[in-house]
Amino acid sequence: MSIETAGFGALVIVLVMSVVTLATRWGGVFVMSYVPISDRVKQFINAMSGSVLVALLAPMAINGDNGARLALLATAITMLLIKKPLPAIAAGILTAALFRQF
Amino acid sequence: MLDSDAKLHEFNRQTVWAGFKQLVPISVFVIAFGAAFGLAATQSGLDDASIVIMSTLVFAGASQFATLELWGPQVPIATLVITVFAINARHLLMGATLYPWLRQLSPAKRYGAMLFASDANWAMSMQAFSRGQPGMGLLLGGGLALWSFWVLGTWLGIYFGGAIHDPKSLGLDMVMGCFLLAMVVGGKKNLRLLIIWIIAACASLMAYWYLPSNSHVVVGALAGGVMGTLWGEKSNEH
């Protein structure tokens, strides 16, 4: 099932996102008042939270132009070297911009 | 875990305001991220009102950026729900780890304090509690700081982003990808996580090529999650 993004559809999508996110903010507290979250569930959640980002990025890196690939590479390297997200993101954008000028 | 009789869990206007001020330096950077989101969302075709409402009500950057990836004339609802849930599932852990102190509050205060939970204010609040200092003011006040600067930044991104005519030649279509990648690379890294991420990436690409469109996020996330339970970790994090 899909929602049209025209008209009020966009607002419905935003509300769905809000409810899901609120459920995650309240859910841990709520569940803990009945059962402690097991280590196995914790491991699943921890592994999943990084994996979802990787899953989003993989097709972007494979299907993107070389500008996109170099941008991601520059971001990763900057992040590994100086561990600050803003310079890392700036390096990526700058790389893509410079590459696409030629 | 500390579960002392000291009134560490209590908060009032003063401690919330102190928490707000303590998170302001970090929040300045949040403005920049918010602006990047506002700009990226405009490029994805969202109308201005929806973008501001999204930042106001959702207040979870990575999931908002991820939603832009799904944006088109139609958005598949199941994929949207699972993607947002998977990215924000770490909030479940935040609530669970703060529970020893939250449970001493009334339900209204308990759930109220969690409304603005996000990475930075949760981490600072946990640090405070583990040092035996009160942390609820940091959680709520700091959250309010992050939230207000996130919304302000989003608005700035929409307002000034419209002045840019060819975002792609300036590399601005990469804001989202670079943001998400910086989040991945900036987190904890070890061999176990690297293997989990490789599994997630391969599963995502397989799904991207061979399964219905937009299923790759969910498939990759679940594959990574399952791998995480198969290759357990000696637990002492969180």
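Q: What makes strand S1 of chain A and strand S1 of chain B count as paired?
A: Three bridges join S1 (residues 2-4) of chain A to S1 (residues 74-76) of chain B; pairing takes at least two DSSP bridges, so these strands (DSSP E runs of at least two residues, numbered from the N terminus) qualify. They run antiparallel, and Glu4(A) has Gln74(B) as its bridge partner. This is a predicted model, where local features need pLDDT of at least 70 and side-chain atom pairs pLDDT 80 or more, while totals for chains, interfaces and linings use all residues. Residues count from 1 along each chain as written, chains are lettered from A and ligands numbered from 1 in written order, and side-chain values use heavy atoms, without hydrogens and water.

Q: How do you know how many residues of chain B and chain A are in contact?
A: Contact means heavy atoms within 4.5 Å, and 91 residues from chain B and 66 from chain A take part.

Q: What is the buried area between chain B and chain A?
A: It's the accessible area (1.4 Å probe) both parts lose on being put together, summed over both. Here that comes to about 6,900 Å², 76% of it on carbon and sulfur atoms. For domain 1 (13-167) and domain 2 (188-238) of chain B, bounds that come from an automatic or database assignment, the buried area is about 590 Å².

Q: How many salt bridges are there between chain B and chain A?
A: You'd need a Lys or Arg side-chain nitrogen within 4 Å of an Asp or Glu carboxyl oxygen, and the count is zero. Domain 1 and domain 2 of chain B also have zero between them.

Key:
Buried area = accessible area lost by both parts, 1.4 Å probe. Helix = DSSP H or I, 4+ residues; strand = E, 2+ residues; numbered from the N terminus.
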